[in-house]
Amino acid sequence: MAIKIEKKIKGYNVVKPEDKTTAAAAPAPVKEVAPVAEVIQMHESLERPETLVGNTYKIKSPLFEHALYVTINDIVLNAGTPHEQRRPFELFINSKNMDHFQWIVALTRILSAVFRKGGDVTFIVEELKAVFDPRGGYFKAGGVYMPSIVAEIGAVIEQHMKSIGLIHDPEMDEATKRLIAEKRAAYEKAAAPKAAAPAASVGADVTASSSADAHTNAAGFPAGATLCAKCNTQALVLMDGCQTCLNCGYSKCG
C-alpha cells in the first residue's frame, strides 16, 4: 500500500520494536476537568396547568391593620385513578397592608418553588410555626396562641394540607378521650364552689349558664387554664399536683 506524502519532511526517527512495547504500556495522560456543580433532579418537572383547584384563607391578626388572604392552589396527580392525590403547587398572599410587601413576596415565591420541587413538603409547616416575633405573639379566635404572623401562615398551610390528606392528625384513642372528659369534669366540679360564691353575691337573676360562661375562656376551657406547650391552646390546668391539658391530653407527669 503506497502512501503519498504531500508535506515537506523536516525530520525522521527510527522506531524500534521495544519502543512500541513501552509506548503501549505507558498510561494515557489524564486531562484535568474543571469542577462542575452537581445538580440532582429529584422529581420530574411539572408544567403549570391552565386551571388549578385551591382554597383561600383569611388571617386577621392584631399585628396587622388589614387582613391577610392566603391562597393555596393544588395540582391533581393521577386524576381519575385510585392513586389520585392533591398536592400544593403554588401560594399567594394578598393584603391592603404594604408595610411588609417585600418579605411577603419573597415568602410566596420560596414556598411556591418548594411546592413545585416535589417530595415531602410537610416540613414547611413546622419551620414556619417555629418563627417567633420579638415583639410577642397573640391569641387567635379559639384561644390558640400564635407566636408570630409567619407562624399563623404555617398554621394555615397545615390546615390546608390536612384538608387534602397530606397531613394526618394522630387519632386520640377512646381511653384518652374518656380520661380527658373525666379530668375536666373533676376540675369543673372542684372549681364550682369557688365560682358559686361570687355569682350568688351578684343577685338572684344570675343564671347558672351565664355563670358558667363567665368562668370559661375563648376556647371554652376553664378561665384559669394556661397555655399548653403541645397544642398552643389555653387548656392546661393543675390537677392532682400535675399540669394536664384538657384539649390534647398532654401531661407533664407523662
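Student: Let's start with R135: does this residue count as buried or exposed?
Tutor: Keep in mind as we go that this is a predicted model. R135 has a relative accessibility of 63%. The cut-off for the top class is over 50%, so R135 counts as exposed.

Student: Which residue forms a salt bridge with R135, with the closest N and O atoms 3.2 Å apart?
Tutor: A pair like this needs a nitrogen and a carboxyl oxygen within 4 Å, and 3.2 Å fits that rule. The partner has 15% relative accessibility, so it counts as buried. The residue in question is D133.

Student: How many residues apart in sequence are the parts that E152 and K140 tie together?
Tutor: The two form a salt bridge, and their closest N and O atoms are 3.8 Å apart. E152 sits in helix 4, while K140 belongs to strand 4 (residues 138-140), so the pair links parts whose separation in sequence is twelve residues.

Student: Does E152 count as buried or exposed?
Tutor: Buried means under 20% relative accessible area. E152 is at 5% relative accessibility, whereas K140, with 30%, is partly exposed. By that cut-off, E152 counts as buried.

Student: What separates E158 and K162 in helix 4?
Tutor: Their side chains meet in a salt bridge of 3.9 Å, N to O. E158 counts as buried at 15% relative accessibility, and K162 is partly exposed at 31%. Because they are four residues apart in helix 4, the separation is about one helical turn.

Student: Which element gives the most to the lining of the largest pocket?
Tutor: E158 and K162 are a good hint, as both are among the residues nearest the centre of this pocket. Strand 5 (144-146) is one element that supplies at least two lining residues. The top contributor gives five residues, and that element is helix 4.

Student: How many charged residues does the lining of the largest pocket have?
Tutor: The pocket holds about 740 Å³ of space, and 21 residues line it. By class, ten of the lining residues are nonpolar and four are polar, while the charged ones come to seven.

Student: How much accessible area do I3, I5 and I9 have together?
Tutor: I9 lies in the segment before helix 1 (17-25). At 57% relative accessibility, I9 counts as exposed. With I3 and I5, it forms a nonpolar patch on the surface, and their accessible area together is about 370 Å².

Conventions
Residues are numbered from 1 along each chain as its sequence is written. This is a predicted model: local features need pLDDT of at least 70, side-chain atom pairs count only at pLDDT 80 or more; totals for chains, interfaces and linings use all residues. Side-chain values use heavy atoms; hydrogens and water are left out. Patches are made of residues with over 30% relative accessible area and no salt bridge: like charges are joined within 9 Å, nonpolar side chains (Val, Leu, Ile, Met, Phe, Trp, Tyr) within 5 Å. Accessible areas come from the Shrake-Rupley method with a 1.4 Å probe; for residues, only the protein chains shown count as cover. Buried means under 20% relative accessible area, exposed over 50%, partly exposed in between (1.4 Å probe, protein chains only). On a 1 Å grid over the protein atoms alone, a cavity is a set of points where a 1.4 Å probe fits but cannot get out, and a pocket is an open set with protein on both sides within 12 Å along at least five of seven lines; lining residues have an atom within 4 Å of a point. Grid points are joined across faces, edges and corners, and a volume is the space filled by probe spheres set on the points. Ala, Val, Leu, Ile, Met, Phe, Trp, Tyr, Cys and Pro count as nonpolar, Asp, Glu, Lys and Arg as charged, and the others, Gly among them, as polar.
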